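This briefing gathers computed features of a single model, grouped by topic. Please read it alongside the coordinates and the sequence.

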Amino acid sequence: MEDVYPGVKSIEEQLRNTPDHIKKLTLVENFLLTLIDKKEPNEYVKKAINKIIISNGKSHISNLSKSIGYSQKQLERLFKTHVGISPKQFSKITQFQNSIRLMRNKNISSVDVALTAGYFDQAHFNHTFKAFSGMNVKEYSSSTHSTLNKKMTTVLGKCFTNCSTYFQH
């Protein structure tokens, strides 16, 4: 992995030694941005990224690959080369970010957030939310007005703004 992505071992070590979730998000964001800056984007990857962002991460990878004229395997290879992660991982991150945006609306239940964001069910949403944020939905919801919430959404938003801006050139 270090051959393909120099610095990955360093970032893994930093993540293990950082208990603060916001600092972890910042570390990952900075690492991904350095990868993006080093790669010249491929037109097909740009199209795939834009379709994923527009669909809020709900694109099926098989449909996505057909729409840009590549096999699923070819798209995954291209995506990993140019973005550093698979299209499915990028979709999950985009879907998670959309769920964070939806959760800002106090009038929507977590079940409705899960279904609107495209998760199969509440359990799938809860599992994914915990995996990405390090906290459960209830903990996150109760911290809505806290600095933690604002920082988390700012970091995720900044990462995707930078990524989507870069690939829309």
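Tyr44 has a relative accessibility of 34%, and because buried residues must fall under 20% and exposed ones over 50%, Tyr44 counts as partly exposed. The model is a predicted one, and in it seven aromatic pairs are counted. One of them joins Tyr44 to Tyr70 in an edge-to-face arrangement, with 4.8 Å from centre to centre and 80° between the planes.

**Aromatic pairs**

- Tyr44 belongs to helix H3 (residues 43-54), while Tyr70 sits in the loop between helix H4 (61-68) and helix H5 (72-82), so their pair ties together parts that are 26 residues apart in sequence.
- The partner ring, that of Tyr70, is also on a residue that is partly exposed, with a relative accessible area of 25%.
- Elsewhere, a cluster is formed by Phe96, Tyr119, Phe125, Phe129, Phe132 and Tyr140, which are linked through ring pairs.

**Overall fold and burial**

- The protein chain contains ten helices and zero strands, and read along the sequence it follows the pattern α-α-α-α-α-α-α-α-α-α.
- Of the 169 residues in the protein chain, 40% are buried.
- When contacts between residues at least 6 apart in sequence are considered, 58% of them join residues that are at least 24 apart.

**Confidence of the prediction**

- The protein chain has a mean pLDDT of 79, with 76% of its residues reaching 70 or more.
- Among the elements of the protein chain, H4 has the highest mean pLDDT, at 92, and helix H10 (residues 147-167) has the lowest, at 50.
- Over residues 164-169 the pLDDT stays under 50, and for this stretch the model has 15 contacts beyond four places in sequence.
- Where pLDDT is low, predicted coordinates should not be read in detail.

**Helix H5 and the loop after it**

- Which residues of H5 are buried? They include Leu75, Leu78, Phe79 and His82, and because these four cover an arc of only 100° around the axis, they lie on the same side of H5.
- Lys73 and Arg77, by contrast, are exposed and lie on the other side of H5.
- After H5 comes Gly84, which has a positive phi, near 100°.
- Ile85 is placed in the loop between H5 and H6, and at 17% relative accessibility it counts as buried, because that value is under 20%.
- The contacts of Ile85, leaving aside residues up to four places away in sequence, are with Phe79, Lys80, Phe90 and Ile93, and Phe79 is one of the buried residues of H5.
- Ile85 and Leu32 are 53 residues apart in sequence, yet their C-alpha atoms are 9.4 Å apart in space.

**Second largest pocket**

- The second largest pocket holds about 370 Å³ of space.
- Its lining consists of 18 residues, and those that lie nearest the centre of the pocket are Gly57, Ser59, His60, Lys88 and Gln95.
- H5, helix H6 (87-103) and H8 are the elements that give two or more residues to this lining, and the largest share, five residues, comes from H6.

**Single residues in loops and in helix H8**

- Asn56 is found in the loop between H3 and H4, where its phi is positive, near 55°, although the residue is not a glycine.
- Most residues other than glycine have a negative phi.
- The relative accessibility of Asn56 is 24%, so Asn56 counts as partly exposed.
- Thr18 lies in the loop between helix H1 (8-16) and helix H2 (21-38), and at 14% relative accessibility it counts as buried.
- Not counting residues up to four places away in sequence, Thr18 touches Lys23, Lys24 and Leu27.
- His124 is part of helix H8 (residues 122-133) and, at 34% relative accessibility, counts as partly exposed.
- The C-alpha atoms of His124 and Ala114 are 8.2 Å apart in space, and the two residues are ten apart in sequence.

Key:
Residues numbered from 1 in each chain as written. Predicted model: local features only at pLDDT ≥ 70, side-chain atom pairs only at ≥ 80, totals over all residues. Heavy atoms only, no water. Phe/Tyr/Trp six-rings, centres within 6.5 Å; stacked < 30°, edge-to-face > 60°. Buried < 20%, exposed > 50% of the residue type's maximum accessible area, 1.4 Å probe, protein only. Arc of directions from axis to C-beta. pLDDT = per-residue confidence, 0-100. Contact = heavy atoms within 4.5 Å. 1 Å grid on protein atoms, 1.4 Å probe; cavity = no way out; pocket = protein on both sides within 12 Å on 5 of 7 lines; lining within 4 Å. Points joined across faces, edges and corners; volume = space filled by probe spheres on them.
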